[in-house]
Amino acid sequence: MIIKTIEVGPIETNCYIVADEKSLRCAIIDPGADAAVILDYLESSRLSCDCILLTHAHFDHVGAVEDLMEETGAPLYICEKDCGVPIGSWGDVYNPPEGANFYKDGDIVSVADIYFAVMETPGHTPGSVTLMCTQEGESEKVLFTGDTLFRDSCGRTDFASSDPNKMLASLRRLADLPDDYEVYPGHMFTTTLDRERRCNYFIQMAKRS
């Protein structure tokens, strides 16, 4: 499994490209801006995009969606709870392009033999999800946490439709997962779930609540 991180947009959002090395099929996670940069990487790496997956619908995670859909023909997946409701600091509303697919807790999206299991982790937004990623025959376990869990921190809960109590419940749910995972957040640095269980104040507070 290949995981490529491309920082996009003015807030340096982590856009991830997750690819199967054999088939060169991939998923794009949270393309917040800079469609041309993402497309250049796909072309130079000879990758074919099967789908676009969103962890949530804030502007800095969705900005390049429509351009990428047009250029690649890939379908979009998003949790419907983030659509058509105020979710941003100015009451921003995201209306997905026609034909978007809505996933929910427990759904699985596959790209070749890479599997993305959807785990609803609301709090930052109503429809925030974490994508639990594994590849058949490989031991690597990965979480794409969007703006729910960061290294040493968690996502803001002062936006429209944010919910601090739901954030704590989501962090507790992540902390209670069995085993360790590599954690790829929506901003800043990668980490591991074991490290965040030990060091992240917000996870520790969630476990006490």
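**Salt bridges and strand pairing in a predicted model**

Modeller: In this predicted model, lysine 104 forms a salt bridge with aspartate 107, the closest N and O atoms being 3.6 Å apart.

Biologist: Why is the contact of lysine 104 with aspartate 107 called a salt bridge?

Modeller: The criterion asks for a side-chain nitrogen of Lys or Arg within 4 Å of a carboxyl oxygen of Asp or Glu. The closest N and O atoms of lysine 104 and aspartate 107 are 3.6 Å apart, so the pair qualifies. By this rule the count comes to nine salt bridges.

Biologist: What makes aspartate 107 partly exposed?

Modeller: Its relative accessible area is 22%. Buried would require a value under 20% and exposed one over 50%, therefore aspartate 107 falls in between.

Biologist: How do you know that lysine 141 and aspartate 179 form a salt bridge?

Modeller: Their closest N and O atoms are 2.8 Å apart, which lies within the 4 Å limit, and therefore the pair is counted. This pair links distant parts of the chain, 38 residues apart: lysine 141 belongs to strand β10 (residues 141-146), and aspartate 179 to the loop between α4 (164-175) and β13 (182-185). Lysine 141 has a relative accessible area of 28%, between the limits of 20% and 50%, so this residue is partly exposed.

Biologist: Are glutamate 196 and arginine 195 buried or exposed, and why?

Modeller: Glutamate 196 has a relative accessible area of 0% and arginine 195 one of 18%. Both values are under 20%, so both residues count as buried. They also form a salt bridge with each other, the closest N and O atoms being 2.9 Å apart. Asp152, Arg195 and Glu196 are linked in a network of salt bridges.

Biologist: What makes β7 and β8 a pair of strands?

Modeller: Pairing requires at least two bridges between the strands. Four bridges join β7 (residues 108-111) to β8, so the two strands pair, and they run antiparallel. Isoleucine 108 stands opposite alanine 117 in β8. The hairpin of β7 and β8 has two residues between the strands, and alanine 112 takes a positive phi near 55° there.

Biologist: How do you know that β8 also pairs with β9?

Modeller: Seven bridges join β8 to β9 (residues 129-135), again antiparallel, so the requirement of at least two is met. Phenylalanine 116 stands opposite cysteine 133 in β9.

Biologist: Why is strand β8 called mostly covered?

Modeller: Five of the seven residues of β8 (residues 114-120) are buried, which means that each of these five has a relative accessible area under 20%.

How values were computed
Residues numbered from 1 in each chain as written. Predicted model: local features only at pLDDT ≥ 70, side-chain atom pairs only at ≥ 80, totals over all residues. Heavy atoms only, no water. Buried < 20%, exposed > 50% of the residue type's maximum accessible area, 1.4 Å probe, protein only.
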